[in-house]
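Open the model in your viewer and keep the selection tool at hand. This tour moves from stop to stop and says what to pick next.

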Amino acid sequence: MKRLTPFSYFEPATLAEAVEILSGSKEKAYLLAGGTDLLIRMKRGEIAPPALVNLKRISGLSSIEREGQSGIRIGALTTIAEIEHSSALRASHTLMAEAATALGSPSIRNLATLGGNIGRASPASDMAPSLIVLKARLNISGPRGNKQVGLESFFTGPGTTILQPGELITSVFLPDPAARSGAAYLKLGRGGGMDCALGCVAIFLTLGNTDTEVKEVLVAVGACSAIPMRANKTEALILSGSLTDGHIQEAAMAVAAETSPITDLRASESYRRQMVQVLFSRALKLSWSRARSSKDTH
Amino acid sequence: MKILIELTVNEELCRLEVEPQQTLLEVLREALHLTGTKEGCGLGDCGTCMVLIDGKPVNACLMLALDAQRHQITTIEGLDNRGGLHPLQQSFIDAGAVQCGFCTPGMILSAKALLDINPRAGKEEIKKTLSGVLCRCGSYPKVIEAVLAAGEKMKGGH
Ligand SMILES: Cc1cc2nc3c(=O)[nH]c(=O)nc-3n(C[C@H](O)[C@H](O)[C@H](O)COP(=O)(O)OP(=O)(O)OC[C@H]3O[C@@H](n4cnc5c(N)ncnc54)[C@H](O)[C@@H]3O)c2cc1C
Ligand code: FES
Ligand code: FES
């Protein structure tokens with residue numbers, strides 16, 4: 001039986017208590033949310049946390065709620081399955097459900113949380129690209145109070161973030177998308193999910209006055225650089241012309257050039273680059289057609 | 001550091017002492033002797049450790065036992081508390097969907113979670129539902145056949 005080595009265990013009842021434990025403890029304390037990443041790394045012996053702070057007794061961290069007319073707030077402890085099945089998210093941010101469905105297996109999604117997915121800062125995260133193109137902002141609590149940070153500036157490297165000792169993510173805010181917009185998330189992984197992405201692309205697109213004029217576009221690529229990345233150059237190229245097959249092809253070449261995938265045992269660098277092109281073209285066409293058929297919101 | 005916890009397993013309340021680092025899988029198998037729940041990988045990949053938490057499939061190897069408090073835990077042993085076989089169990093036997101049987105508890109519990117909500121689930125939905133349970137004997141086609149047949153029986157309201 002694979003077992004976990006002993007650790008000091010904390011079960012704070014409030015956020016304030018959690019922050020106090022995190023910033024007060026002499027030993028490095030790790031946050032425990034769904035555990036689908038943390039417990040595995042512990043069992044594999046990659047990390048040996050002296051202390052775990054279980055967040056699940058803190059109430060109010062696992063709801064999906066509208067914030068007036070401006071957007072929707074997803075608690076950090078919301079499970080990926082809850083995101084997948086949320087009717088509120090399906091109505092306003094369908095992309096979140098699309099990304100959630102791509103993550104792991106149903107039983108993993110029942111445990112895994114959104115906060116844990118972001119907190120892990122995996123370059124291959126299934127949620128990060130979609131969150132980036134939806135302009136997600138993270139609500140963070142810590143010893144110096146609360147703050148809000150755009151997801152795009154949150155990751156600093158594989159497994160590292162801007163979080164300071166004592167800080168944790170409490171929720172994610174997603175602004176409502178503009179009218180005439182569409183989005184898509186596509187992932188390449190083995191056997192329809194259950195596997196870490198070899199490459200993944202999220203696109204959010206808003207149309208202008210005509211069906212081929214792009215008013216705004218955001219592109220994010222995962223598993224092809226040290227952190228989930230925003231493809232700024234590709235976005236600029238898309239905006240420089242109207243949507244035609246040729247222009248989409250040109251943009252696909254740009255996105256492949258803009259990423260910096262690595263060769264590892266899962267896939268080679270050149271394969272990843274080619275696959276990103278394919279995923280990108282498909283995702284752009286899909287978000288385009290969704291934008292055309294959208295009415296007020298996508 | 002031993003902690004006294006209460007778990008509701010197969011509708012029975014159990015009080016026991018656990019260490020914080022003990023997984024639900026360890027406690028089910030070693031303290032409660034419910035060995036129908038298996039350990040394959042211990043790392044979330046194989047699904048042989050599947051249990052239902054409030055009716056939803058979860059990998060017991062990735063859950064601390066103390067996090068399973070205040071929830072309804074169902075293991076393969078608790079599938080039919082009336083002493084007979086559950087339609088899924090009977091269908092697995094009828095279809096010959098069991099070879100070595102190691103994956104069977106995970107297959108049956110995952111399928112139960114689906115059929116309880118939607119007994120009319122089709123082949124594609126069944127495949128997606130079972131995607132987290134690996135069968136190294138390769139009995140998938142018969143498993144799907146068995147789940148479809150059980151759905152037929154459960155439509156009548158089991
Ligand atoms: C079989 C399997 C398949 C998987 N497939 C995928 C996949 O396809 N795509 C994918 O993206 N991931 C996948 N994963 C990885 C993992 O399940 C997800 O990343 C999951 O969302 C992690 O969430 P968690 O709640 O389980 O995190 P935990 O394991 O609890 O925590 C992960 C990390 O985040 C930190 N953390 C947790 N909560 C917070 C918070 N509120 N604020 C700050 N930091 C926090 C923890 O300290 C820890 O370092 C898979 C895992 C398994 C076991
Ligand atoms: S033993 Fe839990 S998933 Fe393999
Ligand atoms: S029957 Fe042997 S693993 Fe499935």
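Strands here are DSSP runs of E of at least two residues, numbered from the N terminus. With that in mind, select Thr8(B), which sits in strand S1 (residues 3–9) of chain B. Remember throughout that this is a predicted model.

**Stop 1: Thr8(B)**

Is Thr8(B) buried or exposed? Thr8(B) counts as buried because its relative accessible area is 19%, and buried means under 20%. Now show its contacts. Setting aside neighbours within four places in sequence, Thr8(B) touches Leu13(B), His71(B), Gln72(B) and Ile73(B).

**Stop 2: two loops of chain B**

Select His33(B). This residue lies in the loop between helix H1 (24–31) and strand S3 (50–53) of chain B. Check its backbone: phi is positive, about 55°, although His33(B) is not a glycine. His33(B) is exposed, with a relative accessible area of 58%.

Go on to Asp54(B). Find it in the loop between S3 and strand S4 (56–59) of chain B. Asp54(B) also has a positive phi, about 50°, and is not a glycine. Its relative accessible area is 43%, so Asp54(B) is partly exposed.

**Stop 3: helix H2 of chain B**

Select residues 87–95 of chain B, which form helix H2. Which residues of this helix are buried? They are Pro87(B), Leu88(B), Gln89(B), Ser91(B), Phe92(B) and Ala95(B). Add helix H3 (104–117) and helix H5 (140–155) of chain B to the view. The buried residues of H2(B) pack against these two helices. Then step past the end of the helix. Gly96(B) follows H2(B), and its phi is positive, near 65°.

**Stop 4: the cavity**

Now bring both chains into view. There is 1 cavity of 30 Å³ or more. Its space comes to about 30 Å³. Which residues line it? From chain A, select Ser105(A), Pro106(A) and Ser107(A). From chain B, add Met50(B), Pro57(B), Ser110(B), Thr129(B), Gly132(B) and Val133(B). Colour the lining by class: 4 residues are nonpolar, 5 are polar and none is charged.

**Stop 5: ligand 1**

Select ligand 1, which lies between chains A and B. How many residues surround ligand 1? There are 33, and the closest are Gly34(A), Thr36(A), Leu38(A), Thr113(A) and Asp126(A).

Next, turn on backbone atoms and look at the oxygen atoms of the ligand. Three distances are worth displaying:

- Leu31(A): a backbone N or O atom lies 2.8 Å from a ligand 1 oxygen.
- Ala33(A): a polar backbone atom is 2.8 Å from an oxygen of ligand 1.
- Gly116(A): a backbone N or O atom is 3.4 Å from a ligand 1 oxygen.

**Stop 6: Gly145(A) and Leu151(A)**

Stay in chain A and select Gly145(A), in strand S7 (residues 145–150). Gly145(A) is partly exposed, with a relative accessible area of 34%. Draw a line from its C-alpha to that of Leu114(A). The two residues are 31 apart along the chain, and their C-alpha atoms are separated by 22 Å.

Now move to Leu151(A), in the loop between S7 and strand S8 (155–157) of chain A. Leu151(A) counts as buried, at 1% relative accessibility. What does it touch? Beyond its neighbours within four places in sequence, Leu151(A) is in contact with Ile118(A), Ala128(A), Leu131(A), Ile132(A), Ala136(A), Arg137(A) and Leu138(A). For another distance, pick Ile83(A). Leu151(A) and Ile83(A) are 68 residues apart in sequence and 18 Å apart in space, C-alpha to C-alpha.

**Stop 7: Ile203(A)**

Select Ile203(A), in strand S12 (residues 199–207) of chain A. Ile203(A) is buried, with a relative accessible area of 0%. Leave out residues up to four places away in sequence and show the rest of its contacts. Among them are Val133(A), Gly182(A), Val217(A), Leu218(A), Phe280(A) and Ser287(A). Ala183(A) is also in contact with Ile203(A). These two residues are 20 apart in sequence and 5.4 Å apart in space, C-alpha to C-alpha.

**Last stop: Gly246(A)**

Finish with Gly246(A), in helix H10 (residues 245–258) of chain A. Gly246(A) is partly exposed, at a relative accessible area of 42%. Join its C-alpha to that of Leu279(A), 33 residues apart along the chain: the separation is 16 Å.

Terms used:
Residues are numbered from 1 along each chain as its sequence is written. Chains are lettered from A and ligands numbered from 1 in the order in which they are written. This is a predicted model: local features need pLDDT of at least 70, side-chain atom pairs count only at pLDDT 80 or more; totals for chains, interfaces and linings use all residues. Side-chain values use heavy atoms; hydrogens and water are left out. Helices (H or I, at least four residues) and strands (E, at least two) are DSSP runs, numbered from the N terminus. Buried means under 20% relative accessible area, exposed over 50%, partly exposed in between (1.4 Å probe, protein chains only). Contact means heavy atoms within 4.5 Å. On a 1 Å grid over the protein atoms alone, a cavity is a set of points where a 1.4 Å probe fits but cannot get out, and a pocket is an open set with protein on both sides within 12 Å along at least five of seven lines; lining residues have an atom within 4 Å of a point. Grid points are joined across faces, edges and corners, and a volume is the space filled by probe spheres set on the points. Ala, Val, Leu, Ile, Met, Phe, Trp, Tyr, Cys and Pro count as nonpolar, Asp, Glu, Lys and Arg as charged, and the others, Gly among them, as polar. A residue is near a molecule or strand if one of its heavy atoms lies within 4 Å of it. A polar contact is a pair of N or O atoms within 3.5 Å; within protein, one must be able to donate a hydrogen and the other to accept it, and residues adjacent in sequence count only if both atoms are side-chain atoms.
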